[in-house]
Amino acid sequence: ARGRRGREWGGPKATTAYGAQVEVPGGVDLLVAGTSCVDYSNLNNEKKGLDDAGESGQTFRGMMQWVKRTQPPIVILENVCSAPWEMVAERFREIGYHAQFTRLDTK
C-alpha cells in the first residue's frame, strides 16, 4: 500500500493514491521512505517541527507508528537538509534503533 498520507501508515489500513482502502503491509527487511518536507524546507517562512500539526510532522509520526509496529531491521529516510535530523535520529534511538544521519549531494 502506498498511502496518500504517511500518517495513515501506523494503522491497519491506508488510502492508496487511487482512493482505495487497503491493508498496510508489514514484515519487511528494509524501509526506504521520505516523509513530507514542506514544513522543513528553507523556502517555508513558517517552519514546523516534528511535534507540530504540520504535514511533515504528521507524516513522520505516521511512519514512526508503522516502524514501531513492524520493526524493520533497516530504515533509510530522505528529506531536505533543513529537516530536524538530530531529533529524527533521537526518535529512532528512543525505540531501540542505532541512528545516524548524513548529507548526500544528489547532483
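Good morning, everyone. The protein on the screen has two helices and four strands, and I should say at once that what we are looking at is a predicted model. If you follow the chain along its sequence, these elements come in the pattern β-β-β-α-β-α.

Let me turn to the overall dimensions. Taken along the principal axes, the C-alpha atoms fill a box of roughly 35 × 30 × 30 Å. Why can we call this fold compact? A compact globule with 107 residues would have a radius of gyration near 13 Å, and the protein has 14 Å, which agrees.

Next, the inside and the surface. Of the 107 residues, 36% count as buried, where buried means that a residue has under 20% relative accessible area. The protein exposes about 7,200 Å², and carbon and sulfur atoms supply 50% of that area. As for charge, there are 14 positive and 13 negative charges, and their mean positions lie 4 Å apart.

How do parts of the chain that are distant in sequence meet? If we take the contacts between residues at least 6 apart in sequence, 51% of them join residues at least 24 apart.

I would like to finish with one residue, glutamate 78, which sits in the loop between β4, residues 74-77, and α2, residues 85-94. Which residues does glutamate 78 touch, once we leave aside those up to four places away in sequence? They are Ala33, Gly34, Thr35 and Trp85. Glutamate 78 and leucine 104, in turn, are 26 residues apart in sequence, while the distance between them in space is 9.6 Å, C-alpha to C-alpha. Thank you for listening.

Notes: Residues are numbered from 1 along each chain as its sequence is written. This is a predicted model: local features need pLDDT of at least 70, side-chain atom pairs count only at pLDDT 80 or more; totals for chains, interfaces and linings use all residues. Side-chain values use heavy atoms; hydrogens and water are left out. The radius of gyration is taken over C-alpha atoms; the globule rule is 2.2 Å times the number of residues to the power 0.38. Buried means under 20% relative accessible area, exposed over 50%, partly exposed in between (1.4 Å probe, protein chains only). Contact means heavy atoms within 4.5 Å. Accessible areas come from the Shrake-Rupley method with a 1.4 Å probe; for residues, only the protein chains shown count as cover. Lys and Arg count as positive and Asp and Glu as negative; His and the chain ends are not counted. The place of a charge is taken as NZ of Lys, CZ of Arg, CG of Asp or CD of Glu.
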